[in-house]
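Work through the exercises below with the model in view. Try each task before reading its solution.

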Amino acid sequence: NYDGTNPSPATFDAVIHLNGTSYSTEMDAGGQQALVDYVAAGGGYMHGEWNAYQFSNGQMTAMRDLILYDRSSGSEGTVTCTLVPGMENHPVVANVPLVFSFQAGRNDGLAHVFAVDPVEVLATDDHGNDAVVIRELGNARLVGFNHAGNYSGYNTLSDVEVQQMYIDAVLWVADIDEDLDGWSPMDGDCDDTDPTAYPGAPEVCD
């Protein structure tokens with residue numbers, strides 16, 4: 001029933017779109033447009049599944065740029081994720097093991113191929129699917145997970161590794177720069193309350 005006003009996303013640093021039980025219901029057109037406009041303005045957006053499921057069934061079509069997966073089918077059970085070599089230090093997955101497992105329903109499929117601002121894959125699962133993906137779209141950052149939250153009785157969102165990824169994904173997509181020095185904590189700012197402290201700042205005698 002999200003229509004873009006209940007509430008408006010405009011004042012938020014990040015939106016987490018959980019869709020584990022509402023996958024059979026189309027989102028109001030106003031809600032879709034509000035999220036598209038929010039991302040266009042630089043807002044951070046995260047989604048799980050079944051967004052790709054809905055898109056493949058002709059729903060949420062206005063949100064193609066925000067839905068980071070294509071879908072071939074779906075399955076459920078144990079999901080074992082492996083970080084992609086070279087991506088281990090990305091902020092979204094830097095605090096989880098190189099290999100970890102949890103129970104979930106999931107989207108079977110790969111990251112969608114966009115002509116510009118391509119998706120990057122941070123982790124794959126043991127069934128050959130892209131499990132954690134990111135996209136930098138203009139000034140916005142997006143994260144997609146191929147699991148479907150607490151779908152069908154799975155307590156996926158209680159898993160500590162899944163929780164850690166959500167925490168770190170929020171920090172990354174929000175990219176908050178509190179002291180407006182051009183560097184956020186995710187960029188390496190060690191004190192985001194002091195605009196004179198940032199990576200590469202001049203050393204001063206203190």
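**Exercise 1. Find the turn between strand 6 and strand 7, and the partners of strand 7.**

Start with a bridge: Tyr45 is the bridge partner of Leu142 in strand 7. Met46 has Val143 of strand 7 as its bridge partner. Strand 2 (residues 44-47) and strand 7 pair in the parallel sense, over three bridges. Strands (E, at least two residues) and helices (H or I, at least four residues) are DSSP runs, numbered from the N terminus. Two strands pair if DSSP finds at least two bridges between them.

Now take the other neighbour. Strand 6 (residues 130-137) pairs with strand 7 in the antiparallel sense, over six bridges. Here Ile134 stands opposite Val143. The hairpin of these strands has two residues between them, and Gly138 takes a positive phi near 60°.

A note on the source: this is a predicted model, where local features need pLDDT of at least 70, side-chain atom pairs count only at pLDDT 80 or more, and totals for chains, interfaces and linings use all residues. Residues are numbered from 1 along each chain as its sequence is written, and side-chain values use heavy atoms, with hydrogens and water left out.

**Exercise 2. Place strand 7 in its sheet.**

Read the strand order: 1-2-7-6-5-3-4. The sheet is open, has seven strands and shows mixed pairing. Strand 1 (14-17) and strand 4 are the edge strands, and each pairs on one side only. On average, neighbouring strands are turned by 25° against each other, direction ignored.

Next, add the helix. Helix 3 (residues 160-174) lies across strand 1, strand 2, strand 4, strand 6 and strand 7. Its angle to strand 7 is about 165°. Axes are lines fitted to C-alpha atoms, for helices over the stretch in contact (heavy atoms within 4.5 Å), and angles run from 0 to 180 degrees between N-to-C directions.

**Exercise 3. Why is strand 7 largely enclosed by the rest of the structure?**

Check each side. Ala140, Leu142 and Gly144 point one way, while Arg141, Val143 and Phe145 point the other. All are buried, that is, under 20% relative accessible area with a 1.4 Å probe, protein chains only. Six of the six residues of strand 7 (residues 140-145) are buried, so the strand is largely enclosed.

**Exercise 4. Describe the surroundings of Asn107.**

Locate Asn107 in strand 4 (residues 99-108). Its relative accessible area is 0%, so Asn107 is buried. Then look for partners. Its side chain makes a polar contact of 3.3 Å with the side chain of Arg71 (a pair of N or O atoms within 3.5 Å; within protein, one must be able to donate a hydrogen and the other to accept it, and residues adjacent in sequence count only if both atoms are side-chain atoms). A polar side-chain atom of Asn107 also lies 3.1 Å from the backbone oxygen of Asp70.

Key:
Buried < 20%, exposed > 50% of the residue type's maximum accessible area, 1.4 Å probe, protein only.
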